[in-house]
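Here is my note on the ligand site and the internal spaces of this model. Have the structure open beside you as you go through the points.

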Amino acid sequence: MKISIQPSTAAVPALEREKRVAEPGFGKYFTDHMVVAEWNHGSGWADALVRAYGAIELDPAAMVFHYGQEIFEGMKAYSQPDGSIALFRPDANGLRFAKSAARIALPELPVSDFVSCVEALVKVDREWVPKKIGESLYIRPFMIATEVGLGVRPSNKALFSIIATPAAAYFNAAKAVTVWISTEYVRAALGGTGEAKCGGNYAASLLAQQQAAKEGCDQVVWLDAIERRWVEEMGGMNLYFVKGRGKDATIFTPKLTGTLLPGITRDSILSVATDLGYKVEEGMINIEQWRDGVASGDISEIFACGTAAVIAPVGCAKSAQGTWVTGDGNPGPITMEIRNHLLGIQHGTIEDKHGWMKKVVS
Ligand SMILES: *Cc1c(COP(=O)(O)O)cnc(C)c1O
């Protein structure tokens, strides 16, 4: 895939951009450029274009508006101590994007093209990458079905696009997330789209999210669809349970049963926790074990993980069966140790022994 660059003639003035990058929030400001590439069934992928950020014009009968054929990714570029910029595990995002595409019957974009397009955007918009620890450029690749027509079948046309937004450090160390364990709604069932990163999964989750908010909680915890007991994920993040304390602790996460989204942060933490000398375990945990483990103190910390927040400590859990609290409601020492280690690798202050960082701007 050839990538051509058409510089924006309406870039945000430097002073204003610096202000935005200094106080980025999340998903509030977008960089000056975006990537677009079109696919059609007959001729495959056309060349990609890096062009000014702006509206996408679509026919109202474009298939994405009617049947939700859409997938996306979330990934980050981090500023490095030597002034360079590096992506965290971009190949892993590219591979997952290809798998999501296959499940949603969208065309597969080769991983190398996916990564090249991300790199091209970061290079052009390098000035938008914040520099402080915990801050990053959040990158959002996505693909939509663009064929015009209301027939229900896979689209013969698609648009791949990438946008990017400077992101503040999301972590609020003073406040653990409270969660609502939903027994009424489910996120994913075997054979469904739980493993694919598609907008439809999120659309289906919003009502439960609204219910969680009504219960005074920040996020939903999803259980398995059949028994409604086995813990799967929290909102758009994977979950970790710290069993025991100190160096003998085991870092436990629900195994990938086919309904969980295989998080790249989740996968990275399995390695980081091992590197730090902890035992790691992937398995099944049900809500009774969560409740009893917290009550006995056997579960000493819980945290959620994903690209946007990296790690978010989980405190109070509420469900139809009652309320229980992990620890003292503050992030635990192992949660903080893992977070700091992972952030250190991402920001280039801790050795990247797994070869996760890919330099894009030197
Ligand atoms: C994206 C996502 C995650 C986290 O994946 P990362 O690769 O770590 O960002 C977890 N669960 C769901 C449902 C997601 O969409």
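1. A word on classes before we start: Ala, Val, Leu, Ile, Met, Phe, Trp, Tyr, Cys and Pro count as nonpolar, Asp, Glu, Lys and Arg as charged, and the others, Gly among them, as polar. By that scheme, the lining of the largest cavity has five nonpolar residues, six polar and one charged.

2. Some ground rules. This is a predicted model, in which local features need pLDDT of at least 70 and side-chain atom pairs pLDDT 80 or more, while totals for chains, interfaces and linings use all residues. Residues are numbered from 1 along each chain as its sequence is written, and side-chain values use heavy atoms, leaving out hydrogens and water.

3. Which residues come nearest to the ligand? They are Lys-197, Tyr-202, Glu-233, Thr-265 and Thr-307, out of 15 around the ligand (a heavy atom within 4 Å). The shell comprises four nonpolar, seven polar and four charged residues.

4. Now the polar contacts (pairs of N or O atoms within 3.5 Å). The side chain of Glu-233 places an N or O atom 2.5 Å from a ligand nitrogen. Ligand oxygen atoms are 2.7 Å from a polar side-chain atom of Lys-197 and 2.8 Å from a side-chain N or O atom of Arg-96. On its own the ligand has 380 Å² of accessible area (Shrake-Rupley method, 1.4 Å probe), and the protein covers 96% of it.

5. The ligand takes up the space of the largest pocket, with more than half of its atoms within 2 Å of the pocket's grid points as the criterion. A pocket here is an open set of points on a 1 Å grid over the protein atoms alone, with protein on both sides within 12 Å along at least five of seven lines; a cavity is a set where a 1.4 Å probe fits but cannot get out, and lining residues have an atom within 4 Å of a point.

6. This pocket holds about 780 Å³ of space (the volume filled by probe spheres set on the points). Its lining has 33 residues, with Lys-197, Tyr-202, Gly-236, Met-237 and Ala-308 closest to the centre. By class, 15 are nonpolar, 12 polar and six charged.

7. Back to the cavities: the whole structure has two of 30 Å³ or more, and the largest has a volume of about 90 Å³. Its lining includes Lys-76, Phe-88, Thr-265 and Thr-307. Strand S6 (75-79), a DSSP run of E with at least two residues, gives the largest share of that lining, three residues.

Definitions and conventions. Polar contact = N/O pair within 3.5 Å; in protein donor to acceptor, adjacent residues only side chain to side chain. Helix = DSSP H or I, 4+ residues; strand = E, 2+ residues; numbered from the N terminus.
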